[in-house]
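User: Could you take a close look at the C-terminal part of this chain for me? I'd like one connected walk-through rather than a list.

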Amino acid sequence: MLVLRLLNVVAPAYFLCISLVTFVLQIFVFIPNMFRDPSTTPLFSPALLHGALFLFLSANALGNYVLVIQSSPEDLGKDLNLGKGAEVADWLDGSKSPGSALPSTHFCRLCARVTQRHDHHCFFTGNCIGSRNMRNFIMFCLYTSLACLHSLVAGMAYISATLSMSFADPLAFLTLLPHAISQFFSGALLSSEMFVILMLYLWLGIGLACAGFCCHQMLLILRGQTRYQVRKGMVVRARPWRENLQEVFGKKWLLGLLIPVQNVESSYRRQKEK
């Protein structure tokens, strides 16, 4: 438990640090390097287009990241007067009273709360993912993967111009790191250039991981399942996939796709207001 609590602190710090480094490299290194192209007009230069796209992706990624934290799953234990700590866990496990476990709920020992439609505990946000913040979490994964992909392309353009190399060969990117390491220790490569090359592979890894996680979550949503239900082997009632999507994304899904907004149309909140 101590290791998990430590990871709950280190992972958000790691994500924020990577985000800050990416922002600095894009604004102060990659985009200024694009302005040096004399063949483009200032108004429609690649630098302005890449800068606007990067700011859009970053604003959505960080905005949804904040909303995931702010839209914490509500503690059902307080509303139902189930107690605190281990007492709540006993109620949900059914050890206090047979059949007392609540459906579609889970007690997270890290967050110390009972969450509705619990999916998993995200260490990078330090928060549980449930019915209230699932849409923001998916948008966070989507825009993080897109921001990493954009940074990867911009970084490759910078390395290509700085080192006068071409990535037309698919094997050029795979052999870039070992060649860069040998050149760095031989003194032929600057430390700043080596740092950018390392970031390229980091963006690739984070982007693929977030994209895969986003696709996996969308598949579960279409099935009307959560990761917790799949892990526990729980049987869920079959429903049309459109209803499953609307339950998570709401009717104004297009607005949430373009700008980071809180999903106020979750089914749990509607049930609570009735």
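Analyst: One term first: pLDDT is the predictor's own confidence in each residue, on a scale from 0 to 100. This is a predicted model, so that score is worth keeping at hand. Over residues 83-89 it stays under 50, and for that stretch the model has ten contacts beyond four places in sequence. The end of the chain has a stretch like this too: pLDDT stays under 50 over residues 267-274, with twelve contacts beyond four places in sequence. Helix H12 has the lowest mean pLDDT among the elements of the chain, 44, while helix H8 (residues 191-223) has the highest, 95. For the chain as a whole the average is 83, and 81% of the residues score at least 70.

Some background before zooming in. There are twelve helices and four strands, and 42% of the 274 residues are buried. Of the contacts with a separation of 6 or more, 64% join residues 24 or more positions apart. The accessible surface is about 15,200 Å², with 67% of that belonging to carbon and sulfur atoms. An unreviewed UniProt entry lists residues 12-35, 47-68, 137-159 and 196-222 under "transmembrane region". In the model, residues 196-222 are 100% helix, with end C-alpha atoms 39 Å apart. Residues 137-159 are 100% helix as well, and there the end C-alpha atoms lie 32 Å apart.

Now to the part you asked about, starting with the salt bridge. The structure holds one, and it pairs arginine 239 with glutamate 247, whose closest N and O atoms are 2.4 Å apart. Arginine 239 is partly exposed at 27% relative accessible area, whereas glutamate 247 is buried at 15%. Arginine 239 also turns up among the contacts of asparagine 244, a residue of helix H10 (residues 241-249). Asparagine 244 has a relative accessible area of just 3%, so it counts as buried. Leaving aside neighbours within four places in sequence, its other contacts are Ile221, Leu222, Arg223 and Gly224.

Further along, the loop between helix H11 (253-258) and helix H12 (267-273) holds asparagine 263. Its relative accessibility is 4%, below the 20% cut-off, which is why it counts as buried. What does asparagine 263 touch, not counting residues up to four places away in sequence? The list is Arg132, Arg135, Asn136, Val248, Phe249 and Gly250. With phenylalanine 249, the C-alpha to C-alpha distance is 7.1 Å, and the two are 14 residues apart in sequence.

That same loop between H11 and H12 also contains isoleucine 259. Isoleucine 259 is partly exposed, with a relative accessible area of 40%. It helps make a nonpolar surface patch of about 650 Å², together with Leu53, Phe56, Trp253, Leu254, Leu255 and Leu258. The elements that give two or more residues to this patch are helix H2 (46-70) and H11, and H11 supplies the largest share, four residues.

So, to pull the C-terminal part together: asparagine 263 is buried at 4% relative accessibility, while isoleucine 259 is partly exposed at 40%. After them comes the stretch of residues 267-274, where pLDDT stays under 50.

Key:
Residues numbered from 1 in each chain as written. Predicted model: local features only at pLDDT ≥ 70, side-chain atom pairs only at ≥ 80, totals over all residues. Heavy atoms only, no water. Buried < 20%, exposed > 50% of the residue type's maximum accessible area, 1.4 Å probe, protein only. Contact = heavy atoms within 4.5 Å. Areas by Shrake-Rupley, 256 points an atom, 1.4 Å probe, with all protein chains shown as cover. UniProt positions renumbered as here; feature names shortened; annotations may be inferred. Patch = residues over 30% accessible without salt bridge, like charges linked within 9 Å, V, L, I, M, F, W, Y side chains within 5 Å. Salt bridge = Lys/Arg side-chain N within 4 Å of Asp/Glu carboxyl O.
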